[in-house]
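Student: I have a model open in the viewer and keep bumping into labels like "salt bridge" and "buried". Could we go through what earns each label?

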Amino acid sequence: MAQAAIITIDELRQVSRPSRVGPTQLEKLTERVNAMAARVQNQWDDLSGEERETLTAFAYTGFQQHRLGIMTSVYRLVGRSWYALMMLRGQEKPTARYIMAMAGLIEAIFDGIERSSAEYRTAVEEALSEAHSLFAAGRMPPEVTDAHDWVSRVSREAVTDV
Amino acid sequence: MTGSRVYRVRPSPTFESSLKAVIKKHCKKNPAAREEIEQIVTDLLKALVVIPKQIENASPEPFPKGHALPGWDFFKLRIYLSKLNGAAGLLRTMWLLNEETLTVVPFYIYTHAQFQGRPPARELAAIFRGIRLLDEVSD
């Protein structure tokens with residue numbers, strides 16, 4: 001028997017079109033987006049190739065190469081005219097919650113994409129192994145007492161290193 | 001403030017080298033982005049001294065299989081940079097927290113651009129048209 005889909009295109013289509021629901025239904029839609037983000041976060045490894053491809057297309061197309069970043073991309077994704085209409089109707093809070101939920105869904109997809117990368121897994125595991133070795137040897141890294149000085153020094157070295 | 005805990009923040013060598021790598025890759029010709037990253041990391045290190053579990057946009061992460069560190073919790077922070085475009089503008093930082101010794105170890109920082117899985121634009125457009133996911137999006 002084929003395994004049930006964790007995320008369906010139809011579901012993704014429904015939650016990404018808030019203009020199709022009335023203001024009173026927006027909270028329910030937000031709950032669905034949050035639930036979907038949790039499924040993506042927790043079950044990415046169990047998604048089918050097609051599901052991952054769909055979510056990847058959704059996230060990268062939603063997240064355009066925009067200078068103002070992910071929130072602006074989400075506004076574009078849901079439609080600016082809808083957003084403006086909701087503001088006029090005094091629905092700031094439920095609209096903001098929905099927008100944040102959509103940003104969270106895109107973040108969950110990006111997290112899954114990163115975890116699928118062998119280079120990412122190697123980098124994180126090596127960083128953790130280093131920390132483990134230091135702890136085991138009783139050699140804790142030095143404490144940073146002046147964050148500004150520490151960051152300035154590292155940044156300066158980064159741009160002057162050959 | 002009485003009863004507040006103060007944590008010792010001890011960035012690992014890899015945190016330092018990965019921060020240098022991010023700055024070197026994205027900021028050599030973009031001083032505004034360098035300044036933004038410096039400010040964000042400085043603010044983060046200061047915040048970790050007092051609220052390592054309550055940083056906005058940070059959440060606990062599961063350890064990768066076989067790499068759990070007993071006594072330590074793993075957190076990941078997602079930050080948006082306004083001075084870098086696209087995937088380079090998605091900055092991520094990771095740290096370990098030991099509540100018993102009140103120690104925080106930032107151990108890695110990177111941008112999504114380093115590990116992104118964005119398909120080529122033409123392929124992406126084809127997938128997107130194929131599933132007809134959204135009708136509001138336009139390029």
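**Salt bridges and burial**

Tutor: Sure, start with chain B: the side chains of B:Glu99 and B:Arg5 form a salt bridge, with N and O 2.5 Å apart. This is a predicted model, where local features need pLDDT of at least 70, side-chain atom pairs count only at pLDDT 80 or more, and totals for chains, interfaces and linings use all residues. Residues are numbered from 1 along each chain as its sequence is written, chains are lettered from A and ligands numbered from 1 in the order in which they are written, and side-chain values use heavy atoms, leaving out hydrogens and water.

Student: What makes B:Glu99 and B:Arg5 a salt bridge?

Tutor: The label asks for a side-chain nitrogen of Lys or Arg within 4 Å of a carboxyl oxygen of Asp or Glu. Here the N to O value is 2.5 Å, so the pair fits that definition.

Student: Which parts of chain B does the pair tie together?

Tutor: B:Glu99 is in the loop between S4 and strand S5 (103-111), and B:Arg5 is in the segment before strand S1 (8-9), so parts 94 residues apart in sequence are tied together. Strands here are DSSP runs (E, at least two residues) and helices are too (H or I, at least four), numbered from the N terminus.

Student: Why is B:Arg5 called partly exposed?

Tutor: Buried means under 20% relative accessible area, exposed over 50%, and partly exposed in between (1.4 Å probe, protein chains only). B:Arg5 has 43% relative accessibility, so partly exposed is the label.

Student: How do you know that A:Glu114 and B:Arg92 pair up?

Tutor: Their closest N and O atoms are 3.0 Å apart, and they form a salt bridge. A:Glu114 sits in helix H6 (residues 92-115) of chain A and B:Arg92 in strand S4 (residues 90-98) of chain B, so this pair joins two chains.

Student: Are those two buried or exposed?

Tutor: A:Glu114 has 0% relative accessibility, so it counts as buried. B:Arg92 also has 0% and counts as buried.

Student: What else is linked to A:Glu114 and B:Arg92?

Tutor: They belong to a network of salt bridges that also links A:Glu107, A:Asp111, B:Glu61, B:Lys76 and B:Arg78.

Student: What makes B:Glu16 and B:Lys20 a salt bridge?

Tutor: Their closest N and O atoms are 3.7 Å apart. Both lie in helix H1 (residues 13-27) of chain B, 4 residues apart, about one turn of the helix. Both are buried as well.

Student: How many salt bridges does the structure hold?

Tutor: Over all chains, 16.
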